[in-house]
Amino acid sequence: MTIGRLVLVGAFGIFLTGFGARAAQVGGDGASAPPAAAAAPETPNAGVETLEAGDGKYQITLNTTDAPDLTEWAKTKLAPVVVAWYPRIVKMLPSDGFEAPTKFSITFSPRYHGVAATGGTRIMCAPDWFRHNLDGEARGAVVHEMVHVVQQYGRARRNNPNATRPPGWLVEGIPDYIRWYLYEPQSHGADISPRRAARAKYDGSYRVSANFLNWVVNKYDKKIVAELNDVLRAGKYDENIWKERTGKTVQELGDEWHAGLPKPAALAATVDPASTVAKASTDAKVTASAQLAADAQSGADSAPNTLSDAQKQAGWKLLFDGKDTKGWHTFRRKDVRPGWVVKGGTLACVDPHNAGDICTDDKFGWFELQLDYNISHAGNSGIMYHVADVGRAVWETGPEFQLEDNTAAADKIRCGWLYALYQPPVDPKTGKILDATKPVGQWNHVRLLLTPEKCVHEINGIKYFEYVLNSPDFKARVAQCKFASMKNFAKFPTGYIALQGDHGQVAFRNIMVKPIEEK
Ligand SMILES: [Zn+2]
């Protein structure tokens, strides 16, 4: 992702003061002192290192001061990639009279919660995401950001009011092309599986557009990426460039590319990193469970409310059979109030004034829950867990996975959040809080994982966040919100799973749970 301006000013103090110090060699142990002549009055900082690349032409500041546990990895694993690839990217993307930045910084700041983002010559990395991806996508993510440093597409518009705005799918597609097809082709990270092919669009951005660009490179024009970059940087991008260089419009190319994508085969099941559901999976990581979600989803399309043999073997149980409300009761009653009905294979709250919250008859401690929901305009519902037969409402005891129509519901707590306690990070692609929900009227897939080690919230295969139930952090958050006054909140180690039915219409299907035993 590239952003216009960074607001995390405070994070750069050390970087700025440390810049004058020409520090250790790439891959060095960091103990070597700066040359005596260097103007570096501050004490040496093990977390700041200046790398040299391109025979000294480029200086890159690597700052892990605020994430010291990443220093060793950054020096030994990331630095060599940075040093080797920045000059290469500069060479790949030339323009007459253009000089790529000779200095830029890579800062790991816990204040930043996305994956990585670039503003001008500052690359910001989220330590948490990197910690989880050190052996996987971490280095490639920095390669992607270095392409943004070289692009400098913002300059044209600053200097020329008539400059055309670069299309976002190319701004992100070009970095992902370089990353997936030139830096790490062996990872096949931008392959498009048959499952995703039907919905793939050439301008889908990130990996999908990278796949398209790679196809055009191989089929029509080896230099198309450099040429596109050149006109984008000059503020002169115009769709005619496709016709001029390939004889076809971008739409015609897109259609031809799409026609050649692998066709969906029945029950094809491959993990697909190029998910279009992920909107832009380079910066917003698609979790491995996206596959589980996709599997559940595809089951929904063919035979709703059933489990495959594999799912049964894995321990999944259906909480709703599509036929009746067996297994459910209204909170603190024996029956199910008439506002909840079974229709069309869904468990639906059709009359919120006469529904109330329903609970499973069984109690669950640690578990994984998956379900699909479909919410009405401005609707608001929720999934509570560890609900007990005390208090006047399920939320007095059970933490709530919020469900709502993000576009129109009044509640500022958005879909997928743990009510009043945890919310997803800002999505670097939009600058807004991550939102993977589909519009009202469509089915959304929820995954809630509850284990002693971590609890995870996902919507449509996109991980929102994780937390540890009743950890010091969890308790500190409880103490600061409305649940602080509810003495039984999150106090029960086991309880009902509840569905909220008093804030608008909502329907559920494919409600399945897999109990997890504590190790
Ligand atoms: Zn990007």
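## Exercises on a predicted model

Met124 sits in strand S5, which spans residues 122-125. The model is predicted.

**Exercise 1.** Decide whether Met124 is buried or exposed.

*Solution.*
- Step 1. Count the neighbours. Met124 has 25 other C-beta atoms within 10 Å.
- Step 2. Recall the cut-off. A residue is buried if 20 or more other C-beta atoms lie within 10 Å of its own.
- Step 3. Conclude. Met124 is therefore buried.
- Step 4. Look along the chain. Ser109 is 15 residues apart from Met124, and their C-alpha atoms are separated by 6.8 Å.

**Exercise 2.** Locate Ala163 and classify its exposure.

*Solution.*
- Step 1. Find the element. Ala163 belongs to the loop between helix H5 (154-159) and H6.
- Step 2. Count again. Ala163 has 19 other C-beta atoms within 10 Å.
- Step 3. Apply the cut-offs. Buried needs 20 or more, and exposed needs 12 or fewer. Ala163 is therefore partly exposed.
- Step 4. List its contacts. Leaving out residues up to four places away in sequence, Ala163 touches Ala156, Arg157 and Gly235.
- Step 5. Set sequence against space. Ala163 and Lys236 are 73 residues apart in sequence, and their C-alpha atoms are 6.2 Å apart.

**Exercise 3.** Describe how helices H6 and H8 pack.

*Solution.*
- Step 1. Know what to look for. Two packed helices are described by the angle between their axes and the distance between the axes.
- Step 2. Read both values. H6 (residues 168-183) and H8 (residues 206-219) pack at an angle of about 70°, and their axes are 7 Å apart.
- Step 3. Name the arrangement. Angles of 65 to 115 degrees count as roughly perpendicular, so H6 is roughly perpendicular to H8.
- Step 4. Identify the partners. H6 contributes residues including Trp169, Leu170 and Trp180, while H8 contributes residues including Tyr206, Ala210 and Leu213.
- Step 5. Sort by class. The contact has 9 nonpolar, 3 polar and 3 charged residues.

**Exercise 4.** Place the largest nonpolar core.

*Solution.*
- Step 1. Find its hubs. The core has 63 residues, and Val82, Ile89, Ala116, Val142 and Met146 touch the most other members.
- Step 2. Trace the donors. Domain 1 (5-152) and domain 2 (166-259) both give residues, so this core lies between them.
- Step 3. Look elsewhere. Apart from this core lies another, of 50 residues, including Trp328, Leu347, Ala436 and Ala507.

**Exercise 5.** Summarise the whole chain.

*Solution.*
- Step 1. Count elements. The protein chain has 14 helices and 20 strands.
- Step 2. Check burial. Of its 519 residues, 44% count as buried.
- Step 3. Check contact range. Take contacts between residues at least 6 apart in sequence: 68% join residues at least 24 apart.

How values were computed: Residues numbered from 1 in each chain as written. Predicted model: local features only at pLDDT ≥ 70, side-chain atom pairs only at ≥ 80, totals over all residues. Axes fitted to C-alpha atoms, helices over the stretch in contact; angles between N-to-C directions. Helix = DSSP H or I, 4+ residues; strand = E, 2+ residues; numbered from the N terminus. Parallel < 35°, antiparallel > 145°, perpendicular 65-115°, else oblique. Contact = placed C-beta atoms within 7 Å. Nonpolar A, V, L, I, M, F, W, Y, C, P; charged D, E, K, R; others polar. Core = buried A, V, L, I, M, F, W, Y, C linked by C-beta atoms within 7 Å. Domains from an automatic or database assignment.
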